[in-house]
Amino acid sequence: MTNNDTLDPETADLVSAAFEKSWRFVRTAPALAHDDINAMRTRLSRHVETLAKYGERDLWRFANGAIGKLRRKLRAT
């Protein structure tokens, strides 16, 4: 789901893995339930990619950070 065209191959693989790991949680978390599943996937993907652009390279921090950003955005709306 991520657009990894601008990332080096190693980082792109890490971003994809982090997205999949965080998505498994998001899609089943009642607090993050959302009517538009595609919009939620897109938001999560953007959050993971943003973390990569800022230099994150730890899989768990990627996944947890993206979930945290998603939660904060949903609470703000």
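This section describes the fold, surface and aromatic packing of a single chain in a predicted model.

The chain contains three helices and zero strands, and its elements follow the order α-α-α from the N terminus. With a radius of gyration of 12 Å, close to the 11 Å given by the globule rule for 77 residues, the chain is as compact as a globular protein of that length. The C-alpha trace extends over about 35 × 20 × 20 Å along its principal axes.

Of the 77 residues in the chain, 39% are buried. Among contacts with a separation of 6 or more, 56% are formed by residues 24 or more positions apart. The accessible surface of the chain amounts to about 5000 Å², and carbon and sulfur atoms contribute 49% of this area. As regards charge, the chain carries 14 positive and 10 negative charges, and the mean positions of the two sets lie 8 Å apart.

A search for aromatic pairs across the whole structure returned one. This pair consists of F19 and W23, whose ring centres are 6.3 Å apart; their planes meet at 5 degrees, under the 30 degrees that bounds the stacked class, and the pair is therefore stacked. Both residues belong to helix 1, which covers residues 9-26, and the four positions between F19 and W23 correspond to about one turn of the helix. F19 and W23 are both buried. The aromatic pair thus joins two buried residues of helix 1 in a stacked arrangement.

Technical notes. Residues numbered from 1 in each chain as written. Predicted model: local features only at pLDDT ≥ 70, side-chain atom pairs only at ≥ 80, totals over all residues. Heavy atoms only, no water. Rg over C-alpha atoms; globule rule 2.2 N^0.38 Å. Buried < 20%, exposed > 50% of the residue type's maximum accessible area, 1.4 Å probe, protein only. Contact = heavy atoms within 4.5 Å. Areas by Shrake-Rupley, 256 points an atom, 1.4 Å probe, with all protein chains shown as cover. Lys, Arg positive; Asp, Glu negative; His and termini not counted. Charge placed at Lys NZ, Arg CZ, Asp CG, Glu CD. Phe/Tyr/Trp six-rings, centres within 6.5 Å; stacked < 30°, edge-to-face > 60°.
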